[in-house]
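This briefing introduces a structure to a reader who has not met it before. Please view the sequence and the model first; the notes that follow are grouped by topic.

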Amino acid sequence: MMTDTNGLDFLEPLPESCPPTAVVAPTESTLWRLVKTNAVTARDFDSQRERLPNREYPDECMARSVSLVTSLAACRAAIKSPRMARMKFSHAVPVPYDPSYGVWHKDQPTHVNWWPYISVDPLSIAGVVEQLNG
Amino acid sequence: MARLTIEKVLLSYEVPLVVLAKKTNGDFYLGINYEDGEVAYKFYFSKIKSEHLKLLYAEKIDVHYVITKLHKGKYELAELWGREGSEFNTKSSAELPENSLPEAGMFIPGHAPESLSSDYKVVNIDGQWEISDLRKFADLVQDCYSFGFALLGAAGGAATKKINSLFHKHPWRGGFSSVNFFKELYNNIPTEDRAGIRKIEYASPGEIEFYMNGDVADSIRELVNGINEDKSPAREAYKKAYGRLQNLGWLSKSDTDITLSVQDIFELTTLLEESCKAFGLEDHTDHILSLASNDPLSAVKIVLAYFRRLQGLADYVATGKAQNIFHDS
């Protein structure tokens, strides 16, 4: 498994000391990524930094991670927040947790940061999309 | 204006969406990220009482309810990143910013305290259930669970004290409405240990899946099954104890209304021991007596009250509407 964080081994270029070395592995076998339709594309796994390159972020390493949540309940909660409601997320796609897919860090009870290795195609490991409002 | 510190992030997705902040005087504030600011994120904060925070964590109320119905006073506004431990000043506002309310049904998962002793238990249901059955069956389960939880002494120190004091306060006279007693008993069970419904499937057969203290559920199952056995010793013991108190005219009396002789106390203690043995509660006789402040008359009434509720559940099993009660999922 790659542990070197020189910014070359990951799907997106990362800053120094990123991902962090002290990480908490998720205990869930499946994590979820919010999407806007049931037709998922590779762009749905872009980090915030990739999507909004000109924004300022408090933590560059976190801004370059793929944000995931631990349950569909957490997905449903997130899309009801006023900030997220404007983004019109309506679906979630499952991502299997596997240490060989990258570095994972569960920083909150329902939230996980994922830095995929360059060898991983998130689209190919993603599961069947679930509708959140149905 | 207020000076707040972010205590923890309750929900996030790429950015903190809901945070909990604390004022130096200990007051809690629920913070909602509603849009990007010039530099960081715009949040508004609404003061939340500890009791409501517990309900929010237990997913008994949603964020919309906290922000709208439970809110008092002014909202606090600030621009911040929402990182744990960060301190910031707010600006007070009587109104919320436009289009900043969360949608209804925004329950925050992942923060309810976890019970170490709860399990998934299933009751199979069959036949025709009416709405009144759901209410009645749920009431019986809750009452039996509350009683069983208290009798088995399943709660921790502080909760046990409160539960025990309820038994001491209750006069145990006949005709007294026990509704509030059972309600209070249930309310004193720690939130994480209360019986919750996880799934209901109405079919033939269907099932109700509960999440509840496994020992209490197992105890209720054994008692209910015992009541439905042919020549059930529990039913016989109930008839004997109830009949004896009725003959003595003590069903509507408490120990403060009558002076019990040494012989009365001996007879009641024997009745209590016999009843507990027949109900499968012989290991809890001393505990039940202590719940009744060592008054054997109240202790017998406690056991009889528990039996009546168990009998209600047993009737659901006997008719086939509930089957295989509280089996492991």
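In chain B, 7 strands (DSSP runs of E, at least two residues, numbered from the N terminus) form an open antiparallel sheet in the order β6-β1-β2-β3-β4-β5-β7. The edges are β6 (87-89) and β7 (91-93) of chain B, each with a single partner strand, so one side of each lacks a neighbour in the sheet. This is a predicted model, in which local features need pLDDT of at least 70 and side-chain atom pairs count only at pLDDT 80 or more, while totals for chains, interfaces and linings use all residues. Residues are numbered from 1 along each chain as its sequence is written, and chains are lettered from A in the order in which they are written.

**Sheet**
- Strands β1 (residues 3-13) and β2 (residues 15-23) of chain B pair in the antiparallel sense over 8 bridges; pairing requires at least two DSSP bridges.
- B:I6 has B:A21 in β2(B) as its bridge partner.

**Helix packing**
- Helices α6 (residues 214-227) and α10 (residues 296-318) of chain B pack at about 70°, with axes 9 Å apart; axes are lines fitted to C-alpha atoms over the stretch in contact, and angles run from 0 to 180 degrees between N-to-C directions. Helices are DSSP runs of H or I, at least four residues.
- α6(B) and α10(B) are therefore roughly perpendicular (65 to 115 degrees).
- B:L223, B:V224 and B:I227 in α6(B) meet residues of α10(B) including B:L310 and B:V317, with contact meaning C-beta atoms, placed from the backbone, within 7 Å.

**Confidence**
- The predictor gives the complex an ipTM of 0.93 and a pTM of 0.76.

Notes. Angles under 35 degrees count as roughly parallel, over 145 as roughly antiparallel, 65 to 115 as roughly perpendicular and the rest as oblique. Two residues are in contact if their C-beta atoms, placed from the backbone, lie within 7 Å.
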